[in-house]
Every structure is written in structure tokens, then in C-alpha cells.
Amino acid sequence: MIQVTDTNEYRTIPCYELEQFPIIGVYKELLAGKRKALPAGTWEKDENVIILVRYVLEVQLGLSREQIPKINKKIIGEQKLWGVLNRFKSPRRLIEFVYPN
């Protein structure tokens, strides 16, 4: 597994390597119905936000950099990521956090 020392490094990891992080396995259990929700505190950790949002948008949905800023609450809900909006309040703020440039 990749050793990351700076939160910004999670933004530059190639998307095909995101699946190695344990939070992705937990997320897949949620999608498979093996869990009712992500663990408490998941969205409080910046690295989880970056890893999960990038995984869903880049890997699972295959969105391009041009498409990513256009996501909305419906897409977030369909991907079972509602909890992240408790922290960021809007898809725009979430995207600005995960993709600051």
C-alpha cells in the first residue's frame, strides 16, 4: 500500500491505485448491502473524503475532469455519499475541496 504523508498526495495518486485503500473496501460493502452506512467519522478525515469522492467520480462513474464540476446532489445520493454533504453542504464546495485547482 502507498504511504502518504501529506493530504495533498491523495489528490495526485493515479485513480487506478485508489482501490487499494481500506475505505474503498468498506464503501463496496455498503454498495453490496453488507453495511447500512459508512463508519461513524468517515467524512471527518480529509483523506477519506478525497479517496472516496475521487474513486466514485473517476473510477466508478468514469467522469472526465470537465464533467466532475457538474455533479449534483442526485449523483451524490445515487452513489450513497449523502453523509459527505453534512460536512461540505454543497456539491460545489465538495468538488473544490477534492479538486482545489
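## Close-up views of an all-helix predicted model

**Figure 1. Helix α2 meets helix α3.** The buried residues of α2 pack against α3. This is a predicted model, and the view takes in residues 22-31, the span of α2. Which residues of α2 are buried? They are I23, I24, V26, Y27 and L30. Look down the helix axis and these buried residues fall within an arc of 160 degrees, so they line one face of α2. Just past the end of α2 sits G33, with a positive phi of about 85 degrees.

**Figure 2. The whole chain, for orientation.** Before going further in, here's the overall layout. The protein has 6 helices and 0 strands, so reading from the N terminus the elements simply go α-α-α-α-α-α. The C-alpha trace spans about 35 × 30 × 25 Å along its principal axes. How does the radius of gyration fit with what a compact globule would have? For 101 residues such a globule would come out near 13 Å, and the protein has 13 Å, which agrees. Of the 101 residues, 41% count as buried. Take the contacts between residues at least 6 apart in sequence: 55% of them join residues at least 24 apart.

**Figure 3. Helix α6 and its neighbours.** Now for residues 91-98, which make up α6. Buried here are P91, L94, I95, F97 and V98. These residues cover an arc of only 160 degrees around the axis, which puts them on the same side of α6. What do the buried residues of α6 pack against? Their partners are α1 (9-12), α3, α4 and α5.

**Figure 4. Q79, a buried loop residue.** Zoom in on the loop between α4 and α5 and you'll find Q79. Is Q79 buried or exposed? Its relative accessibility is 12%, and since the cut-off for buried is under 20%, Q79 counts as buried. Leaving aside residues up to four places away in sequence, Q79 touches Y27, L31, V56, Q60 and L61. One of these, Y27, is also among the buried residues of α2.

**Figure 5. The cavity.** Rolling a probe the size of a water molecule over the atoms shows where empty space is left. How many cavities of 30 Å³ or more turn up in a search of the whole structure? The search finds 1. The largest cavity has a volume of about 40 Å³, and its lining is made up of V53, V56, L57, I71, I75, I76, Q79, L81, V84 and L94. Two or more residues of that lining come from each of α3 (46-60) and α4 (73-78). Helix α3 gives the most, with 3 residues. Sorted by class, the lining has 9 nonpolar residues, 1 polar and no charged ones. Q79 from the previous view is part of this lining, and so is L94, one of the buried residues of α6.

**Figure 6. The largest pocket.** The last view moves to the largest pocket, which holds about 210 Å³ of space. Its lining takes in 15 residues, and A37, L38, W43, W82 and G83 are the ones that lie nearest the centre. Which helix gives the most to the lining of the largest pocket? That's α5 (residues 82-88), with 3 residues. As for chemistry, the lining of this pocket divides into 8 nonpolar, 3 polar and 4 charged residues, while the lining of the largest cavity has no charged residues.

How values were computed:
Residues are numbered from 1 along each chain as its sequence is written. This is a predicted model: local features need pLDDT of at least 70, side-chain atom pairs count only at pLDDT 80 or more; totals for chains, interfaces and linings use all residues. Side-chain values use heavy atoms; hydrogens and water are left out. On a 1 Å grid over the protein atoms alone, a cavity is a set of points where a 1.4 Å probe fits but cannot get out, and a pocket is an open set with protein on both sides within 12 Å along at least five of seven lines; lining residues have an atom within 4 Å of a point. Grid points are joined across faces, edges and corners, and a volume is the space filled by probe spheres set on the points. Helices (H or I, at least four residues) and strands (E, at least two) are DSSP runs, numbered from the N terminus. Ala, Val, Leu, Ile, Met, Phe, Trp, Tyr, Cys and Pro count as nonpolar, Asp, Glu, Lys and Arg as charged, and the others, Gly among them, as polar. Buried means under 20% relative accessible area, exposed over 50%, partly exposed in between (1.4 Å probe, protein chains only). The arc is that of the directions from the helix axis to the C-beta atoms. Contact means heavy atoms within 4.5 Å. The radius of gyration is taken over C-alpha atoms; the globule rule is 2.2 Å times the number of residues to the power 0.38.
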